[in-house]
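This briefing takes up three topics in turn: enclosed cavities, salt bridges and a patch on the surface. Please keep the sequence and the structure in view while reading.

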Amino acid sequence: MDEKSLEMLEFPRIREILAGYTSFSASRELATSLRPQADYQEISRLLSQTAEARSLLTLDRGFSIGGVLDVRETVKMASLQGILEPPSLLEVQQTLAALHELRRYLGGVRADFPRLWDIAGGIAELRQIEKDIAACIDPSGEVMDTASPALGNIRQQMRETRGQILERLEAIVRSPRGQRILQEEVITERDGRYVILVKVENRHDIKGIVHDISNTGATVFVEPTVAVGLGNALRELAIEERHEIERILRLLSAEVGAHKDDITRSIELAAELDLVLAKARYARRTRATEPVITDPAQEKAPGTFLRLVEARHPLLGEKAVPFSVEIGRDFSVLLITGPNTGGKTVTLKTIGLLSLMAQAGMPIPAAGESQLPLFDGIFADIGDEQSIEQTLSTFSWHMGNVVRIIRGATGKSLVLLDELGTSTDPAEGSALAQAILRYFLARGTLAVATTHYSDLKAFAHATDGLENASLEFDPATLTPTYRLTVGIPGGSNAMATAARLGIPEEIITDAQSRLSGGSLELETLLAGLMEEKQKLAALQRHLTTERDEFARRNAALTDELQRLKTEERKAIQEARDAIVREAAELHREIRQAAAELRKEKSAASVEQARRSLAGVREQLDAGTWQPRVGEEGESDSSVIRTGDSVRVKDAGLTATVLSVSEDSREVEVEAGRTRMRLGLDSVIKTSAPPETASGPVSRPEVRRVPRELDLRGKRADEVEWALDNYLNGAAQSSLEEARIIHGIGTGTVRNIVRDFLASHPLVKSFRSGGGDEGGDGATIVRF
């Protein structure tokens, strides 16, 4: 990328902000050296990593790389046979422990975050080094006695020797002579030797070595002769201790240095992970998302296409006004006009800066549906850097930038030109600007330029491939709104801006009187267009609000209607269940009446019960309890009516229905010259015409029925008729015994079956099923 353009678009400031979200120096270096990439696969990988990191931080907001430190220089020194001090070794141990934990954590979630694991998976496992350092050096940085047996032995001897010295010196201090010659009853150290504080006038009263004299000269620090030999032994042990510690540190340092490459690579991977996390933290702070990057290999047509939705300048924070723009579909060059201080340059920088950020693998402050092409270069001419020393005028500086851009830009570049053609004669500057824009248009280069020239507005309007855009200006408040509108040129509103900034009114009035009529009419026209557009936008917002409110109310009404339908179905079901329970009770009464009939032949009792049952059936069959159109229910094609053709299941004959009795659940049919009454369950409705015969209809041979009848799933009012038909058939088949399966459930069907069997003339006896016969869920009948 063009370095000068990176500076103009303030990309280095973005890198500094990103560095502020990193955790240690290695990742901070990566952030400050971040550059836009030109490889599609690499950019896609970086954006995917950031997207995963954003998801991870959403689940675990406190996740970080832990206590990883940049110990690469320390490790390098160890690899060169240098001896590391205990604090440095502790930093290595802390870093290795943090690296291990980082790898372990991301390994546990690798299925959900594979891109992050691709990085963390390369971290080396160096647990032994970590354990060895921890076993030798305590958290305060001291080499422990347990670091080696020799060190432990040396330190034990030192403690014993030190104790002997202190014992001898304390004897002197407590003695009468000591009370007389000592300045204080204190034992202290001077140059690693234990001494007592003797008065200067009594220094010859005790034999020993003088190691120091106090500042006042009144006290002499003396090592008594009785402690000199032990002091020498202690000094020798201290030297041995230093040599043993040095040997231990040399071994640990050599172990660290031997794994220099692994440790260095692991720290670099941790830095890469931390940079990804920094991008995710930045995205969360600025509400940024990963844009879609167009794959150059999959573009169906030549050229590039840029779409930014609700884009905001990343350096303006909450003050940024979002805008949306598309370039490359209907036009490749966009000309932005509008008031001074109205946001034209900010818009220009936003387009360039977001493109740079995306190609550096960073989320951008824009909506997720934003789409950016892969630019091979992003070039900008923004600002004013005239130089007196180089005799460089503003116009010359701008033209120098344009020359640089023309030499470097291609058909896959992005060009940003601020105030094109200014700082010179307006007529010549406008003509030059038109020629430059036409140059980029002919090469298919995406370009965005800003201007105040009216000639350029007309040129963009009349030229295919160019489009006008404007930053809005509120005519009521005479202030810019910073909102971008594509398709309409904007006025400069120089007079209003000057007045707002404090230019006296008489100067403004004089200036307006000197404007040509055409200029005034154009500015008035543009102001009117902007006002109408604002009214239209307000109306559109109002209509959108009303549409959303209508949709919300419609959804609420739909939910309420569904709730009422559910409650209605529930109420109907509860009523039907209550009537079914009532019907079951009536069936019990019918069975009781049938038993009495068989005993007393009282048809009146049965008829009364049947009339009651018929009343219940009328309630069940009433329209109130039937499924409505579109709801669940049986098809009308299965209902048997008079005149229908039916097939007799057991005989295989086709017959015509003469009558149907809903009360008794029986049907009278005619097959040839034979009439018969059958249960409704014994026939099936068919579309075939009934069979006819000129002679008598032959009777079918005696039917064979199975040795068991399954009544599970049948309604209470169907049980008796099915059971009666079966018993008759079983008797005709000369069965001696049969099994009636009724299940256990609530016991209703079982009670109906056994009450019916108790009074049936064909039944000799019955019992509950055995363990292998279905238990109490079946009844065994003997005929």
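A cavity, as the word is used here, is a set of grid points over the protein atoms alone where a 1.4 Å probe fits but cannot get out, and its lining residues are those with an atom within 4 Å of such a point. The model is predicted, and a search of the whole structure finds 2 cavities of 30 Å³ or more. Salt bridges come to 39 in the count, and one nonpolar patch on the surface is formed by L536, L539 and L543.

**Cavities**

- The largest cavity, with a volume of about 40 Å³, is lined by L96, L99, H100, A124, E125, L126, R127 and E130.
- Two elements, α6 (86–108) and α8 (127–136), give two or more residues to the lining of this largest cavity, and the largest share, 3 residues, comes from α6.
- By character, the lining of the largest cavity divides into 4 nonpolar residues, 1 polar residue and 3 charged residues.
- The second largest cavity also has a volume given as about 40 Å³, and its lining consists of D381, F395, H398, M399, V402, E419, L420, G421 and T422.
- Helix α14, which spans residues 394–408, gives the most to the lining of the second largest cavity, with 4 residues.
- The lining of the second largest cavity divides into 4 nonpolar, 3 polar and 2 charged residues.

**Salt bridges**

- Side chains of opposite charge can pair when their charged atoms come close.
- D145 and R159 meet through their side chains in a salt bridge, with an N to O distance of 3.3 Å; this pair links distant parts of the chain, since D145 is in the loop between α8 and α9 (149–174) whereas R159 is in helix α9, 14 residues apart.
- Both partners of that pair retain some accessibility: D145 is partly exposed, with a relative accessible area of 30%, and R159 likewise counts as partly exposed, at 41%.
- The pair of D145 and R159 belongs to a network of salt bridges that links D145, R155, R159 and E241.
- E170 forms a salt bridge with R174, in which the closest N and O atoms are 3.7 Å apart, and both residues lie in helix α9, 4 residues apart, or about one turn of the helix.
- How buried or exposed are the two partners in helix α9, E170 and R174? E170 counts as partly exposed, at 36% relative accessibility, whereas R174 is exposed, with a relative accessible area of 59%, because the cut-off for exposed is over 50%.
- In helix α19, R563 and E567 lie 4 residues apart, about one turn of the helix, and their side chains meet in a salt bridge with an N to O distance of 2.4 Å.
- R563 counts as partly exposed at 37% relative accessibility, and E567 counts as partly exposed at 40%.

**Nonpolar surface patch**

- Which residues form a nonpolar patch on the surface? The patch is formed by L536, L539 and L543, which together have about 290 Å² of accessible area.
- L543 lies in helix α19, which covers residues 517–600, and it is partly exposed, with a relative accessible area of 47%.
- L543 can be part of a patch because patch residues need over 30% relative accessible area, and its own value is 47%.

Definitions and conventions
Residues numbered from 1 in each chain as written. Predicted model: local features only at pLDDT ≥ 70, side-chain atom pairs only at ≥ 80, totals over all residues. Heavy atoms only, no water. Patch = residues over 30% accessible without salt bridge, like charges linked within 9 Å, V, L, I, M, F, W, Y side chains within 5 Å. Areas by Shrake-Rupley, 256 points an atom, 1.4 Å probe, with all protein chains shown as cover. Salt bridge = Lys/Arg side-chain N within 4 Å of Asp/Glu carboxyl O. Buried < 20%, exposed > 50% of the residue type's maximum accessible area, 1.4 Å probe, protein only. 1 Å grid on protein atoms, 1.4 Å probe; cavity = no way out; pocket = protein on both sides within 12 Å on 5 of 7 lines; lining within 4 Å. Points joined across faces, edges and corners; volume = space filled by probe spheres on them. Nonpolar A, V, L, I, M, F, W, Y, C, P; charged D, E, K, R; others polar.
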